[in-house]
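Let us take a friendly walk through this model, looking at its helix, its pockets and its aromatic rings. Please keep the structure open as you read.

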Amino acid sequence: MLWGTVLMLLNKEQQQQLLAITKESIAYGLKHGHALSVNSHDYTAELQAIRATFVTLEISRQLRGCIGMLEAVRPLVVDIAENAFAAAFKDPRFPPLSSAEYPQLEIHLSILGDTQPMQFESEADLIAQIRPNIDGLIIQEGQQRGTFLPSVWEALPEPEEFLQHLKQKAGLPSHYWSDTLTVSRYQCQVIA
C-alpha cells in the first residue's frame with residue numbers, strides 16, 4: 001500500500017530523459033569539473049516536481065559511487081544532474097571517476113517517495129514491520145543517521161541483518177537499541 005504522495009511513477013520517456021541527464025552531467029563533469037546546469041522549466045511538470053533522489057553508479061556490478069538526498073529540496077531533473085555529478089566525483093569512498101571508466105558505468109536512479117515515520121514497541125516489533133524488497137529505511141539516534149535504499153535488500157535479504165548493517169552505517173553498534181531511536185520508511189521508483 002502506498003501512503004499519501006509516496007511515489008510518483010514516471011513513464012518510459014521521462015525515465016529515459018533522466019538517464020540521459022545523468023550521463024550528460026557526468027560527461028560534463030569530466031570536461032568542466034562541475035555538474036551540468038539544467039533548467040527545470042524545459043521539462044514536463046513531473047520532472048519539475050520537487051523530489052529527493054539517489055544516483056548509484058556501478059562498474060561490473062560493483063559500487064562506484066552513490067550520492068543522494070533524503071529531503072526533497074529541488075526539482076527532480078536538477079537533483080538528478082547534481083547527484084549524478086556528486087556520485088561520480090564527490091563520493092568520499094572513491095577517487096573521482098576517470099574518462100576510461102565512463103563507458104563502463106551502470107546507472108541506477110532511485111526516486112524517493114515520501115517518508116513515513118514508523119511506530120514500534122521494540123526491536124522485534126520494528127523488524128516484524130519491515131517489508132523486504134519494498135522499504136528503504138532511515139534510522140536516526142541523535143545526530144547519527146543512516147539510510148539504505150530498497151535495492152540494498154539484494155545484498156542483505158533478512159530484515160534483522162538489514163537493520164543491523166544500517167545501524168552500523170549510522171555509526172551505531174549493530175545490536176544497539178534505544179527508546180529514542182527513530183525509524184522512517186520510504187519507497188522508490190528505480191530507473192536503470
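Is Phe89 buried or exposed? Phe89 is buried, since its relative accessible area is 14%, which falls under the 20% cut-off. Do bear in mind that this is a predicted model.

## Helix α3

Phe89 has a partner in helix α3: Phe85 sits 4 residues apart from Phe89 there, so about one helical turn separates the two. In general, an α-helix has 3.6 residues a turn, so residues three or four places apart point the same way. Phe85 counts as buried too, because its relative accessibility is 9%.

The helix itself covers residues 76–89. With 14 residues at 1.5 Å a residue, α3 should span 20 Å, and its end C-alpha atoms are indeed 20 Å apart, so the two values agree. Most of α3 is covered, with 13 of its 14 residues buried.

## Aromatic pairs

How many aromatic pairs does a search of the whole structure find? The search gives 4. One of them joins Phe85 and Phe89 in a tilted arrangement, with 4.9 Å centre to centre and 40 degrees between the planes.

Trp153 and Phe162 form a stacked pair, at 3.8 Å centre to centre and with 5 degrees between the planes. Both Trp153 and Phe162 are buried. Ring pairs also bring in Phe148, linking Phe148, Trp153 and Phe162 into a cluster.

## The largest pocket

Now for the open space: the largest pocket holds about 860 Å³. Its lining has 26 residues, and the closest to the pocket centre are Thr56, Glu58, Leu63, Ser151 and Val152.

Which strands contribute to this lining? At least two residues each come from β1 (53–59), β2 (62–68), β3 (106–112) and β6 (144–148). Strand β2 gives the largest share, with 5 residues. Sorted by class, the lining of the largest pocket contains 12 nonpolar, 7 polar and 7 charged residues.

## The second largest pocket

The second largest pocket offers about 150 Å³ of space. Among the residues lining this pocket are Pro117, Met118, Phe120 and Glu121, along with Trp177, Ser178 and Asp179. Strand β7 (residues 182–186) supplies the largest share of this lining, 3 residues.

What is the division of this lining into nonpolar, polar and charged residues? The second largest pocket has 6 nonpolar, 4 polar and 2 charged residues in its lining.

Notes. Residues are numbered from 1 along each chain as its sequence is written. This is a predicted model: local features need pLDDT of at least 70, side-chain atom pairs count only at pLDDT 80 or more; totals for chains, interfaces and linings use all residues. Side-chain values use heavy atoms; hydrogens and water are left out. The expected span of a helix is 1.5 Å times one less than its number of residues. Buried means under 20% relative accessible area, exposed over 50%, partly exposed in between (1.4 Å probe, protein chains only). On a 1 Å grid over the protein atoms alone, a cavity is a set of points where a 1.4 Å probe fits but cannot get out, and a pocket is an open set with protein on both sides within 12 Å along at least five of seven lines; lining residues have an atom within 4 Å of a point. Grid points are joined across faces, edges and corners, and a volume is the space filled by probe spheres set on the points. Ala, Val, Leu, Ile, Met, Phe, Trp, Tyr, Cys and Pro count as nonpolar, Asp, Glu, Lys and Arg as charged, and the others, Gly among them, as polar. Rings of Phe, Tyr and Trp (its six-membered ring) pair if their centres lie within 6.5 Å; planes under 30 degrees apart count as stacked, over 60 as edge-to-face and the rest as tilted.
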